[in-house]
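Q: Can you walk me through the charged pairs in this one? I'm new to this.

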Amino acid sequence: ELAATARRLGERRAPGTPAERAAALGRVHGVLLREERTEALATHLAEKTGFAEGLLRDHLRGLFGTMDAAALAGWLRRLNPEGEGPYPGPPPAPALLVASGNIPGAALPSLVQLLLLGCPTVVRVSRGEPWLTEAYG
């Protein structure tokens, strides 16, 4: 089933240019940085993982705060100093990302980079935090 899903995903190219995807992901992170969203995520993660709520709140603010639209656009410029894209060639090969549950959000920077490049991605989420990746749906 995973191979069939990867084949279907591999036939598609992500919409928009890398710069447009960076802006969209930056907006998602801006929403997640809103106080009520950060509080709700931290509370839910604390209940599920046993980590201290304050620690998780600070972790989420740092995580999403470092992935704003400007930071993502900078990452794209370092990757392709010649221009923003769209990058030539066939669609990127599908990727499988395994998100462990022992450190909440640890896989999110990798997921964001794959999405920026337009790489179709199947995420195997942890039972402990399946909803953190839903924002990227």
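**Charged pairs**

A: Glu-35 has a relative accessibility of 44%, so Glu-35 counts as partly exposed (buried is under 20% relative accessible area, exposed over 50%, partly exposed in between, with a 1.4 Å probe and protein chains only). The model is predicted: local features need pLDDT of at least 70, side-chain atom pairs count only at pLDDT 80 or more, and totals for chains, interfaces and linings use all residues. Residues are numbered from 1 along each chain as its sequence is written, and side-chain values use heavy atoms, leaving out hydrogens and water.

Q: Which residue forms a salt bridge with Glu-35?
A: Arg-61 does, with the closest N and O atoms 2.8 Å apart. A salt bridge here is a side-chain nitrogen of Lys or Arg within 4 Å of a carboxyl oxygen of Asp or Glu.

Q: Where do the two sit in the chain?
A: Arg-61 is in helix H4 (residues 53–65) and Glu-35 in helix H3 (residues 35–49), 26 residues apart. Helices (H or I, at least four residues) and strands (E, at least two) are DSSP runs, numbered from the N terminus.

Q: OK, what about Arg-61 and Glu-39?
A: Their side chains also meet in a salt bridge, at 3.8 Å from N to O. Glu-39 lies in helix H3 and Arg-61 in helix H4, so this pair ties together parts 22 residues apart in sequence.

Q: New topic: is Arg-57 buried or exposed?
A: Buried, at 19% relative accessibility. Its side chain meets that of Glu-53 in a salt bridge (3.7 Å, N to O).

Q: How many salt bridges are there?
A: The count is 5.
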